[in-house]
Amino acid sequence: VSTVIKCRAAVAWEPSKPLVMEEIEVAPPQAHEIRIKIVATGVCHTDLYHLFEGKHKDGFPCVLGHEGAGIVESVGSEVTKFNPGDKVIPLFISQCGQCRFCKSPKTNLCEKGWASDRYDVMSESDTRFTCKGKKVLQFMGTSTFSEYTVVNEIAVAKIHPSAPLDKVCLLGCGVATGYGAALNTAKVEPGSTCAVFGLGAVGLAAVMGCKNAGAKRIIAIDINPTKYEKAKVFGATEFVNPKDHNKPISQVLHEMTNGGVDFSLECVGSVAVMRSALESCVKGWGVSVLVGWTDMDDFAARPIQLIAGRTWKGSLFGGFKSKDGVPKLVNEYLEKKVKLDEFVTHNMTLAQVNDAIQLMQTGDCIRSVLSVALQ
């Protein structure tokens with residue numbers, strides 16, 4: 001019978017403050033739960049969003065992190081498909097397989113799990129974490145900034161035993177999100193012209209998705225010119241810096257492409273950029289996809305943009321049904337069809353998490369991967 005584990009975790013006690021390395025207690029897994037030793041985790045902008053932008057008072061204290069990979073330590077009762085020692089990726093989108101959304105091929109949403117009604121606080125009220133006698137929430141149901149975490153089995157993917165955890169952890173969020181937004185949501189077509197706004201990990205993964213879908217022109221857009229060389233690695237053919245132009249970026253793209261791009265992907269999480277991305281699409285059949293996460297502002301557009309035949313849509317986790325999609329993506333990485341190593345610009349330890357957060361705030365990294373517990 002598994003017992004309480006004491007381990008190290010980076011705790012966010014309150015919004016906008018540095019994370020604090022603490023010893024926490026991780027309770028044993030209950031029915032249908034899995035306790036996972038986290039070996040590696042990426043630091044994603046959604047962690048920063050909760051800490052610095054969403055700032056929902058009921059969402060703290062919490063352990064952030066939702067882009068991790070690890071090894072099953074123990075399983076609760078009624079868990080039959082996982083065993084101690086399995087390599088796994090915890091999933092911030094569950095796939096129960098039973099609800100009407102899971103049964104539909106049209107979506108990857110699931111009615112179970114933290115996300116069904118707690119998007120504002122970004123965690124379930126129930127948790128297996130305590131620290132200094134206080135309940136600590138599990139961010140997005142995962143909390144990978146901890147040496148151990150407990151996750152419902154509907155939100156865990158078992159992956160290939162040879163997968164390097166310090167690389168495939170990126171498939172837990174950022175890379176799957178951008179890559180799938182191009183392939184599954186936009187459904188980028190061979191020979192098409194695409195524009196990707198924002199060249200963080202999600203945007204670069206979207207560039208990779210456009211390339212793998214056979215796009216002919218992939219225009220990468222960012223206000224940081226150092227990102228262009230990186231974007232080329234993933235398949236970008238051109239680069240535009242909005243700061244180099246004294247007219248709207250949508251106009252620049254219209255002039256470059258004879259009236260607009262076939263597909264645009266917004267990978268920033270800014271409502272102003274979302275509008276620019278829509279307006280950059282060609283009339284008649286242009287498709288623009290919102291990929292960047294935000295819930296802080298309303299967006300606006302002129303109805304004529306849509307009346308004239310453009311489609312505006314959103315993508316969560318790249319449209320991948322999580323338990324089905326992530327193991328396949330891991331296999332595609334092992335077969336060299338999907339790049340992951342090229343996203344990792346910094347390798348650090350969990351204790352350096354605040355440095356990793358600062359690197360992301362300044363845009364000086366693509367992905368920092370933290371080593372959490374030793375294998």
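Here is a friendly conversation between a visitor and a guide about this predicted model.

Visitor: In what order do the strands of the open sheet of six strands stand?
Guide: Happy to start there! The pairing in this open sheet of six strands is parallel. Reading across the sheet, the order is β13-β12-β11-β14-β15-β16.

Visitor: Which strands stand at the edges of that sheet, and why is one side of each left without a neighbour?
Guide: Look for strands that have a single partner strand, so that one side has no neighbour in the sheet. Residues 238-240 form one such strand and residues 311-314 form the other. The two edge strands are β13 and β16.

Visitor: How much does the sheet twist from one strand to the next?
Guide: The strands of this sheet pair in parallel, yet each is turned relative to the next. On average, that twist is 20°.

Visitor: Which residue of β15 stands opposite leucine 265?
Guide: First find the two strands: β14 covers residues 263-266 and β15 covers residues 287-290. They pair in the parallel sense over four bridges. Opposite leucine 265 you will find valine 289.

Visitor: Which strands does helix α7 lie across, and at about what angle does it run to β12?
Guide: Helix α7 is made of residues 249-257. It lies across β11, β12 and β13. Its angle to β12 is about 160°.

Visitor: And helix α5, at about what angle does it run to β11?
Guide: Helix α5, residues 201-212, lies across β11, β12 and β14. Its direction relative to β11 is given by an angle of about 170°.

Visitor: How many residues of α5 are buried?
Guide: Buried here means under 20% relative accessible area. The residues of α5 that meet this include Ala201, Leu204, Val207 and Cys210. Elements covering them include α4, β11, β12, α6, β14 and β18. Of the twelve residues in α5, the number buried is ten.

Visitor: How far does α5 reach from its first C-alpha to its last?
Guide: Its twelve residues would be expected to span 16 Å at 1.5 Å a residue. The value in the model is close to that expectation, at 16 Å.

Visitor: Which glycine follows α5?
Guide: Look just after the helix for a residue with a positive phi, near 95°. That residue is glycine 214.

Visitor: Why is strand β3 described as largely enclosed by the rest of the structure?
Guide: Strand β3 runs over residues 33-42. It is called largely enclosed because its buried residues number ten of ten.

Visitor: Over how many bridges does β3 pair with β9, β5 and β18?
Guide: Each of these pairings is antiparallel. With β9, β3 shares five bridges, and lysine 37 stands opposite tyrosine 148. With β5 there are seven bridges, isoleucine 36 being partnered by valine 72. With β18, where threonine 41 faces leucine 370, the number of bridges is three.

Visitor: How is α1 oriented relative to α11?
Guide: Two packed helices are described by the angle between their axes and the distance between the axes. For α1 (residues 45-54) and α11 (residues 353-362), the axes come within 10 Å and cross at roughly 95°. Angles of 65 to 115 degrees count as roughly perpendicular. So the orientation of α1 to α11 is roughly perpendicular.

Visitor: How many nonpolar residues are in the contact of α1 with α11?
Guide: From α1 come His45, Leu48, Leu51 and Phe52, and from α11 come Ile357, Met360 and Gln361. By class, two of these are polar and none is charged. The nonpolar residues number five.

Visitor: Is phenylalanine 60 buried or exposed?
Guide: Phenylalanine 60 sits in the loop between α1 and β4. Residues it touches include Trp13, Pro15, Leu51 and Leu137. Its relative accessibility is 10%, and the cut-off for this class is under 20%. Phenylalanine 60 therefore counts as buried.

Visitor: Which residue of β4 stands opposite valine 11?
Guide: Strand β1 spans residues 5-12, and six of its eight residues are buried. It pairs antiparallel with β2 over seven bridges, and two bridges join it to β4, also antiparallel. Opposite valine 11 in β4 is valine 63.

Technical notes
Residues numbered from 1 in each chain as written. Predicted model: local features only at pLDDT ≥ 70, side-chain atom pairs only at ≥ 80, totals over all residues. Heavy atoms only, no water. Pairing = 2+ DSSP bridges. Axes fitted to C-alpha atoms, helices over the stretch in contact; angles between N-to-C directions. Contact = heavy atoms within 4.5 Å. Buried < 20%, exposed > 50% of the residue type's maximum accessible area, 1.4 Å probe, protein only. Parallel < 35°, antiparallel > 145°, perpendicular 65-115°, else oblique. Nonpolar A, V, L, I, M, F, W, Y, C, P; charged D, E, K, R; others polar. Expected span 1.5 Å × (residues − 1). Lists of a residue's contacts leave out its neighbours within four places in sequence.
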